[in-house]
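Visitor: I am new to this structure and would like a close look at one part, the lining of the largest pocket. Please begin there and then follow its helix onwards.

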Amino acid sequence: MLIYLVLLVSCLSICCAHKPVVLWHGMGDDCCNPDSMGRVTELLKDKLEDTFVYSVQVGNTINEDHNAGFFGKIDEQVAKVCKELSEIPELENGFNAIGFSQGGLFLRAYVEHCNSPPIHRLITFGSPHGGVSDIPNCVNSKDFTCNLMRSMVRRGVYTDYIQNRIIQAQYYRDPNNYDTYLKKNKFLPFLNNELDNKNADYKKNLASLDLFVMIRFSEDVMIKPGHTAWFWQDDKDQELIPLKNRTLYKEDWIGLKTMDNQGRLRFLVCPGQHMQISDEYLDKEVIRPYLKENELRMIHQKA
């Protein structure tokens, strides 16, 4: 009996260990803002006892991290994060990840580009997976960096100068100029395998996820269309094209159809405006169902 109890406790300790969680913040935010990523980090540590939580910082300072959300090349930032996460011992066996706004798009790029160590469950909030048909508004109207970004984009979103410097331009998709988007956009058409030369690794890597949870905001006006969080897009008449009606899905360019057929996609709605996420919603709709390991799993399996 004693041996059985020791083995049971040992098994429970293994199955109850929650996977580490990596966060990537959105535009206008930073890794450690106490009202956003800091709050989420503390909530995760409270609800997932002894869990390692890491918030991505691009740059050497918080100010550099904030600015990197507007200026730079997404591919280069993702490559740096690939290297950075591969050097963190706590993540060597993989982790779950939550991306907020464009941070969710960048985490998907991490999966498709490198995914080492691997993400098991990817959760994204209001992320522009299908691109945006307008440059996102500024969260803070007094944010000089954001206003500078929007001013620069007006010079020509698909010029090499802007594409090589402005983050938001790299996931801008003009529904009236799709051919130009394919030719000039330096990031999203590649990530979504929209070009003739498909990257098989992108599809294989994304399809390796245990679960891909996409959450849109019910009143999102920050990114257009708000349904881009579910890979939906605007057409030339500004009518929404659902994911399952897109060629990207039908021909399974990045593995979404495969995952959907296997029950590994989730489409959720968070009430409210862009990035207005309550602790209650995070706990009830994200942490409990997708990040907590089921400590009774082994007992139920043996029963």
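Guide: Helices (H or I, at least four residues) and strands (E, at least two) are DSSP runs, numbered from the N terminus. This is a predicted model, in which local features need pLDDT of at least 70 and side-chain atom pairs count only at pLDDT 80 or more, while totals for chains, interfaces and linings use all residues. Residues are numbered from 1 along each chain as its sequence is written, and side-chain values use heavy atoms, with hydrogens and water left out.

The helix that gives the most to the lining of the largest pocket is α2 (residues 37–47), with three residues. A pocket is an open set of points on a 1 Å grid over the protein atoms alone, with protein on both sides within 12 Å along at least five of seven lines, whereas a cavity is a set where a 1.4 Å probe fits but cannot get out; lining residues have an atom within 4 Å of a point. The largest pocket holds about 580 Å³ of space, a volume being the space filled by probe spheres set on points joined across faces, edges and corners. Its lining is made of 28 residues, and those nearest its centre are D29, V139, H274, M275 and Q276. By character, 15 residues of this lining are nonpolar, nine are polar and four are charged (Ala, Val, Leu, Ile, Met, Phe, Trp, Tyr, Cys and Pro count as nonpolar, Asp, Glu, Lys and Arg as charged, and the others, Gly among them, as polar).

Besides lining the pocket, helix α2 packs with helix α13 (residues 279–291) at an angle of about 50 degrees, the axes being 11 Å apart. Axes are lines fitted to C-alpha atoms, for helices over the stretch in contact, and angles run from 0 to 180 degrees between N-to-C directions. The pair α2 and α13 is therefore oblique (under 35 degrees is roughly parallel, over 145 roughly antiparallel, 65 to 115 roughly perpendicular and the rest oblique). On the side of α2 the contact, meaning heavy atoms within 4.5 Å, is made by R39, V40, L43, L44 and K47, and on the side of α13 by D279, L282, D283, I287 and L291. Six of these contact residues are nonpolar, none is polar and four are charged.

Turning from the pocket to enclosed space, a search of the whole structure finds two cavities of 30 Å³ or more. The largest cavity has a volume of about 50 Å³, and among the residues that line it are W24, H25, D65, Q102 and F106; α3 (62–68) and α5 are the elements that give two or more residues to this lining. F106 of α5 also takes part in the meeting of α5 with α4, where A109, Y110 and H113 join it opposite I74, D75, V78, V81, C82 and L85 of α4. Eight residues of that contact are nonpolar, one is polar and one is charged.

The second largest cavity contains about 40 Å³ of space, and its lining includes G130, R173, P225 and W232. P225 is also joined to K224 by a cis peptide bond, with omega about -5 degrees, and P225 is found in the loop between β5 (211–217) and β6 (233–234). Another cis peptide bond joins S116 and P117, with omega about 5 degrees, and P117 has its place in the loop between α5 and β4 (119–125).
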